[in-house]
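Me: Could you take a close look at one part of this model with me? I would like a connected walk through it, starting from a single proline.

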Amino acid sequence: MDKMVIHGGVSLTGTVEVSGAKNAVLPILAATLLAEGEHTFHNVPRLVDIRTISRLLGRMGVECQAGEPFRVRVGTLKGHEAAYELVKTMRAAVLVLGPLVARAGRARVSLPGGCAIGSRPIDQHLKGLERLGATIRIHRGYVEASSPRLRGARISFDISTVTGTENLMMAAALARGTTVLENAACEPEVEELGEALNKMGARILGAGTPVVTIEGVEGLHGVEHTIMPDRIESGTFMVAAGLTRGDILIRRCRLAHLGAVVTKLREAGLEIAPEGDAVRVRGPERIRSVDIKTLPYPGFPTDMQAQAMVLMALADGTSVISETVFENRFMHVSELRRMGADIRIEGPNAVVKGVPRLEGAPLMASDLRASASLVLAGLAAEGTTEVSRIYHLDRGYEGMEKKLQKLGAQIERVRE
Ligand code: EPU
């Protein structure tokens, strides 16, 4: 197992390029199950999660060939099962459920259990599939879904769910008749999936808005598509600049996807300005405290909460960070406290009293974004920080230490 060793205190400067968005690629690769033929994708990041979904698709007869471009060949489906051993390492594996039922008429997908950030049920995915006519039963930890041909329906989500919206968009793409999804998730990754599906021949209107209309078609075909840049990776580098009084140019950063993040970071004192097709971010002399509440898009993303908390841990004054999306996403707090941060948890709120400095310490990563926050804390801290269990980071950040090294950070990956 690898760990990151970071000598903190270096101001980051230079240029960094953001990779393709993990949470856009995962549903798009799952969507290839719907469409026989050759698919060509550009800007697919090299991440453990992408390898995991490729392995999963491989068991269904879908051949994924990593590289630039990333090629996918889909023929007759050979399997319809997502086994526990894969789903437990990556919950997004549940994204094959909708496409499998739609194309193969059946699916057997392990129910994901709870994870480090919350209980994360998939009841909305299942209710939606039932509305489309699928028969669902839970048997020995697996969801078994079947349906000869799904039929369009009106579905209103009780709660905004990203992968739930994506699963139902994919299922409805091949259903008979029209489906309307209400209270759908509006994240840019949902919009991107809609675009990719439409290029495959689907008829989807409104993806990325609360109401998505899907007119089912008889079949889909292969597609060529370039994956959008990862907004959370962009935001993470912005915070890195903010924490180290850095001055960095972020290439392939779409500010339009980062509205709430940029607003909060500017309030905290960061200078963020478009420069050509990139974005320049400068950290302030003193960070100002700001309150933050995570919400579904276009609100402040929960995937940026841990990183923003590190910034607030070093701000002047006290801030309140409220996590409203996941019930248990404060695993990074106890580790940050070990570095000297003054953070108190009160239910869904973290009360963060800024301290003048953090001290390097040995730390343990617990989930993807928590790992990123610990690396950020290490960059800002005095002395040496070691972050163990870095495999969480490799699930969602492509070559993070290499990108940070290019910006001058003293960080290296060490085999434990
Ligand atoms: N929820 C339910 N029932 C459902 C589905 C969701 O109660 O059927 C609840 C969840 O428990 C949670 C809330 O609804 O409290 C929102 O969950 P959502 O379904 O939107 O999350 P997700 O689709 O499982 C995606 C991202 C996450 C990101 C969240 C929120 C992918 C593959 N994953 O998860 O990304 O945090 O949306 O934006 O797109 C990450 O990249 O680190 C990550 C965790």
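In which loop is P69 found? Please go on from there to the other unusual backbone spots, the two domains and the ligand.

Reply: Happy to, and please keep in mind that this is a predicted model. P69 is found in the loop that runs between β4 (63-65) and β5 (70-74). What makes the spot worth a look is its backbone: the peptide bond from E68 to P69 is cis, with omega near 0°. Most peptide bonds are trans, and most residues other than glycine have a negative phi.

A second cis bond leads from Y297 to P298, this one with omega near 10°. P298 has its place in the loop between β18 (292-293) and α10 (305-313). N183 is unusual in another way, having a positive phi of about 55° although it is not a glycine. You will find N183 in the loop between β11 (178-182) and α7 (188-199).

Y297 takes us on to the domains. The domain assignment splits the chain into domain 1 (2-16 + 229-415) and domain 2 (26-226). Their contact takes 17 residues from domain 1 and 18 residues from domain 2. Between them, the two domains bury about 1600 Å², with 50% of it on carbon and sulfur atoms. On the domain 1 side, Y297, R395 and E398 lose the most area to domain 2, together making up 38% of what that side buries. The centres of domain 1 and domain 2, taken over C-alpha atoms, are 31 Å apart.

Now for the ligand. Both domain 1 and domain 2 give residues to the shell around the ligand, so it lies between them. That shell counts 21 residues, with Q124, T161, T163, D303 and V325 the closest. By type, the shell residues divide into 8 nonpolar, 7 polar and 6 charged. Helices α1 (22-31), α5 (123-131), α6 (162-173) and α12 (368-380) each supply at least two of the shell residues, and the largest share, 3 residues, comes from α5.

Three polar contacts are worth having on your screen. In the side chain of D123, an N or O atom is 2.8 Å from a nitrogen atom of the ligand. The side chain of T161 has an N or O atom 2.7 Å from an oxygen atom of the ligand. At V325 the partner is a polar backbone atom, 2.5 Å from an oxygen atom of the ligand. Taken alone the ligand exposes 830 Å², and the protein buries 87% of that.

Key. Residues numbered from 1 in each chain as written. Predicted model: local features only at pLDDT ≥ 70, side-chain atom pairs only at ≥ 80, totals over all residues. Heavy atoms only, no water. Near = heavy atom within 4 Å. Polar contact = N/O pair within 3.5 Å; in protein donor to acceptor, adjacent residues only side chain to side chain. Areas by Shrake-Rupley, 256 points an atom, 1.4 Å probe, with all protein chains shown as cover. Helix = DSSP H or I, 4+ residues; strand = E, 2+ residues; numbered from the N terminus. Nonpolar A, V, L, I, M, F, W, Y, C, P; charged D, E, K, R; others polar. Domains from an automatic or database assignment. Contact = heavy atoms within 4.5 Å. Buried area = accessible area lost by both parts, 1.4 Å probe.
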